[in-house]
Amino acid sequence: MSVTIAGVETDPAYEAKLAAFEARIAAGERIEPGDWMPEAYRKQLIRMISQHAHSEVVGMLPEGEWIGRAPSLRRKLILIAKVQDEAGHGQYLYHAAETLGATREEMTEALLTGRAKYSSVFNYPTLTWADVGMIGWLVDGAAIKNQTMLARCSYGPYSRAMVRICTEETFHHKQGKEMVIRYAQGTPKQRQMAQDALDRWWWPSLMMLGPHDSDSPNTPQLVKWGIKTKTNDEVRQEFIAEHAPELQEAGLVIPDPELRQNPDGTWHHGPIDWDEFWRVVRGDGICNKARLEAKNRAHDEGRWVREALQAYSERGRAQAA
């Protein structure tokens with residue numbers, strides 16, 4: 001086992017182990033929980049996977065607020081299933097992080113105290129029912145771009161969790177797209193509601209794919225170790241290339257007067273407000289406080305469930321002994 005003191009590996013065989021580790025990744029092999037790995041690789045994965053897990057469970061809140069106000073039983077059933085899926089995604093990811101030595105208690109405590117980060121996009125409010133559809137189309141669409149990339153990442157448990165999550169997120173994306181297109185082709189009031197939702201969710205969706213590559217110092221190492229296989233800007237380009245033509249075809253106006261496709265097929269977009277992005281990431285978004293309060297309230301109110309499950313588990317072990 002290697003030991004890190006003040007950021008320096010003390011294992012005399014570290015360089016040889018690192019070379020073998022990187023050769024495995026270069027050959028396309030998966031790294032599994034019992035395998036040797038650099039401490040920095042383990043820490044980066046815990047940071048990314050726990051942040052991803054927190055995003056899934058906090059992401060239930062903006063849409064969950066609309067379950068009781070869904071316009072039809074069909075829409076209500078779809079939304080309930082979607083929110084349940086997000087809870088399941090959080091479970092897969094917390095389990096993946098646990099294989100790296102992180103505990104559920106540590107990750108939960110970091111989220112509830114505000115030390116842990118989650119996707120900035122979930123700190124924006126859902127003001128109308130069309131927001132639920134736009135989250136499905138744009139936010140889940142952006143998430144799928146990232147998650148499809150992560151399904152090919154070098155760490156086995158994270159990669160395998162992503163395969164199932166991507167499958168379910170694809171359904172979320174399709175239902176959101178179907179809903180928004182229907183409203184965009186509906187009454188003037190429905191079209192205005194869809195356009196208003198696009199105006200508010202377009203830029204946060206671009207931001208959630210992370211800062212520009214020039215401001216993302218971890219990216220080169222993450223790419224080298226196969227945790228990420230594409231940079232933030234590359235994934236952002238993929239997102240725009242798929243969604244911009246579809247939104248325009250639906251008759252909606254993307255709130256970016258500079259958006260255009262270049263002769264080489266790439267997309268030019270207007271400046272992203274990174275000051276707003278970092279303000280939200282640091283806890284000063286519209287809904288940061290409300291999201292944390294909701295998670296803490298749910299954690300407190302669910303204490304009896306956790307205690308009952310613990311008692312049931314202990315009774316089972318005692319009976320089996």
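**Exercise 1. A lysine in helix α7**

Find which residues Lys177 touches, leaving aside residues up to four places away in sequence, and place this residue in the fold.

*Solution.* Leaving aside residues up to four places away in sequence, Lys177 touches Trp137 and Glu246. The structure is a predicted model, and every value below is computed from it. Lys177 itself belongs to helix α7. Its relative accessible area is 24%, and because buried requires under 20% and exposed over 50%, Lys177 counts as partly exposed. As for distance, Lys177 and Gly133 are separated by 44 residues in sequence, whereas their C-alpha atoms lie 6.7 Å apart in space.

**Exercise 2. The contact of α6 with α10**

Describe how α6 and α10 pack, giving the angle and the distance between their axes, and say which residues of the two helices meet.

*Solution.* Begin with the geometry: the angle between α6 and α10 is about 145°, and their axes are 10 Å apart. The handedness comes next, and the crossing of these two helices is right-handed. On the α6 side the contact holds Trp137, Leu138, Gly141, Ala142, Lys145, Asn146 and Met149, which meet Val235, Glu238, Phe239, Glu242, His243, Glu246 and Leu247 of α10. Sorted by class, this contact of α6 with α10 has seven nonpolar, three polar and four charged residues. Trp137 and Glu246, which stand on opposite sides of this contact, are also the residues that Lys177 touches.

**Exercise 3. The contact of α8 with α10**

Decide whether helix α8 and helix α10 are roughly parallel or antiparallel to each other, and list the residues that meet.

*Solution.* Helix α8 (residues 188-207) packs against helix α10 (residues 232-249) at an angle of about 160°, and the axes are 11 Å apart. Because angles over 145 degrees count as roughly antiparallel, α8 and α10 are roughly antiparallel to each other. The crossing in which α8 passes α10 is right-handed. In the contact, Leu198, Trp202, Ser205 and Leu206 of α8 meet Arg236, Phe239, Ile240 and Leu247 of α10. These residues of the contact of α8 with α10 divide into six nonpolar, one polar and one charged. Phe239 and Leu247 of α10 take part here, and Phe239 and Leu247 also appear in the contact with α6.

**Exercise 4. Helix α4: its span, its buried residues and its partner α2**

Check whether the end-to-end distance of helix α4 agrees with its number of residues, then work out which of its residues are buried and how it packs with α2.

*Solution.* Helix α4 covers residues 73-98, and its 26 residues at 1.5 Å a residue should span 38 Å; the C-alpha atoms at its ends are 38 Å apart, so expectation and model agree. Its buried residues are Arg75, Leu79, Lys82, Val83, Glu86, His89, Gly90, Leu93, Tyr94, Ala96 and Ala97. An α-helix has 3.6 residues a turn, so residues three or four places apart point the same way. What covers the buried residues of α4 includes α2 (39-58), α3 (60-64), α5 (104-112), α6 (129-150) and α7 (156-184).

Turning to α2, this helix packs with α4 at an angle of about 160°, with 8 Å between the axes. The two helices, α2 and α4, are therefore roughly antiparallel, and α2 passes α4 in a left-handed crossing. Ile49, His52, Ala53, His54, Glu56 and Val57 of α2 make this contact with Glu86, His89, Gly90, Leu93, Tyr94, Ala96 and Ala97 of α4. By class, the residues of the contact of α2 with α4 divide into seven nonpolar, four polar and two charged.

His95 also lies in helix α4, but at 44% relative accessibility His95 counts as partly exposed. His95 and Pro157 are 62 residues apart in sequence and 8.5 Å apart in space, C-alpha to C-alpha.

**Exercise 5. Tyr41 and Thr266**

Determine whether Tyr41 is buried or exposed, and do likewise for Thr266.

*Solution.* Tyr41 lies in helix α2, and with a relative accessible area of 0% this tyrosine is buried. Not counting residues up to four places away in sequence, Tyr41 touches Phe21, Ile25, Ile31, Ser154, Tyr155, Trp225 and Ile227. Thr266, by contrast, lies in the loop between β3 (260-261) and β4 (267-268), and its relative accessible area of 30% makes Thr266 partly exposed. With the same sequence neighbours left out, Thr266 touches Gln237, Arg260 and Gln261.

Technical notes
Residues are numbered from 1 along each chain as its sequence is written. This is a predicted model: local features need pLDDT of at least 70, side-chain atom pairs count only at pLDDT 80 or more; totals for chains, interfaces and linings use all residues. Side-chain values use heavy atoms; hydrogens and water are left out. Helices (H or I, at least four residues) and strands (E, at least two) are DSSP runs, numbered from the N terminus. The expected span of a helix is 1.5 Å times one less than its number of residues. Buried means under 20% relative accessible area, exposed over 50%, partly exposed in between (1.4 Å probe, protein chains only). Contact means heavy atoms within 4.5 Å. Axes are lines fitted to C-alpha atoms, for helices over the stretch in contact, and angles run from 0 to 180 degrees between N-to-C directions. Angles under 35 degrees count as roughly parallel, over 145 as roughly antiparallel, 65 to 115 as roughly perpendicular and the rest as oblique. A crossing is left-handed if the near helix is turned anticlockwise from the far one by less than a right angle, and right-handed if clockwise. Ala, Val, Leu, Ile, Met, Phe, Trp, Tyr, Cys and Pro count as nonpolar, Asp, Glu, Lys and Arg as charged, and the others, Gly among them, as polar.
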